Amino acid sequence: MRVTTPEELMAVAKAAATNAYAPYSKFRVGAAVLDADGSITPGCNVENAAYGSTICAERTALVSAVVQGRRQPTALAVYAEPGASPCGSCRQFMVELGPTMQVYLGNAEGRLISTSITELLPNSFTEFDPE
Ligand code: THU
């Protein structure tokens, strides 16, 4: 199988940002999930007049991947013109679906930061047995 580079994954996230529905914040975000099967699933933020109902790009990408039966995300690229780091809800989603996922954060200047969900959300929720 062909290896997808972080730059290629970021290019898909950047393209997806053009589909963002962000009439309220005007902040366009794109995401792209790479699955173990080699597939790439894009996502973008989808806002709502009831602001709290907005869904981030990372979650639309992850949900779309699940809908398509892609259950082994290995990497996620997030693109915004000035750059964006995932919110708490998205981190929680990432750790659930891809606990070992690599995460790439990119901006319009071509900057690309490589991190991981373990780094973004250490000590995430699990059942805790104090015994
Ligand atoms: N947003 C994302 O889609 N991903 C992020 O990582 C940060 C925030 C969206 C939510 C909202 O539509 C807009 O960006 C401003 O918060």
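User: How do you know which classes make up the shell around the ligand?

Analyst: Happy to explain! This is a predicted model, where local features need pLDDT of at least 70, side-chain atom pairs count only at pLDDT 80 or more, and totals for chains, interfaces and linings use all residues. Residues are numbered from 1 along each chain as its sequence is written, and side-chain values use heavy atoms, with hydrogens and water left out. The shell has five nonpolar, four polar and two charged residues; Ala, Val, Leu, Ile, Met, Phe, Trp, Tyr, Cys and Pro count as nonpolar, Asp, Glu, Lys and Arg as charged, and the others, Gly among them, as polar.

User: Which residues surround the ligand?

Analyst: Among them are Phe27, Val29, Asn45, Cys56, Ala57 and Glu58, where near means a heavy atom within 4 Å.

User: What makes the approach of Glu58 to the ligand a polar contact?

Analyst: A polar contact is a pair of N or O atoms within 3.5 Å. An N or O atom in the Glu58 side chain lies 2.5 Å from a ligand oxygen, so this pair qualifies. The Asn45 side chain also has an N or O atom at 2.9 Å from an oxygen of the ligand.

User: What is the largest pocket occupied by?

Analyst: The ligand takes up that space.

Methods: A polar contact is a pair of N or O atoms within 3.5 Å; within protein, one must be able to donate a hydrogen and the other to accept it, and residues adjacent in sequence count only if both atoms are side-chain atoms. On a 1 Å grid over the protein atoms alone, a cavity is a set of points where a 1.4 Å probe fits but cannot get out, and a pocket is an open set with protein on both sides within 12 Å along at least five of seven lines; lining residues have an atom within 4 Å of a point. A molecule sits in a cavity or pocket if more than half of its atoms lie within 2 Å of its grid points.
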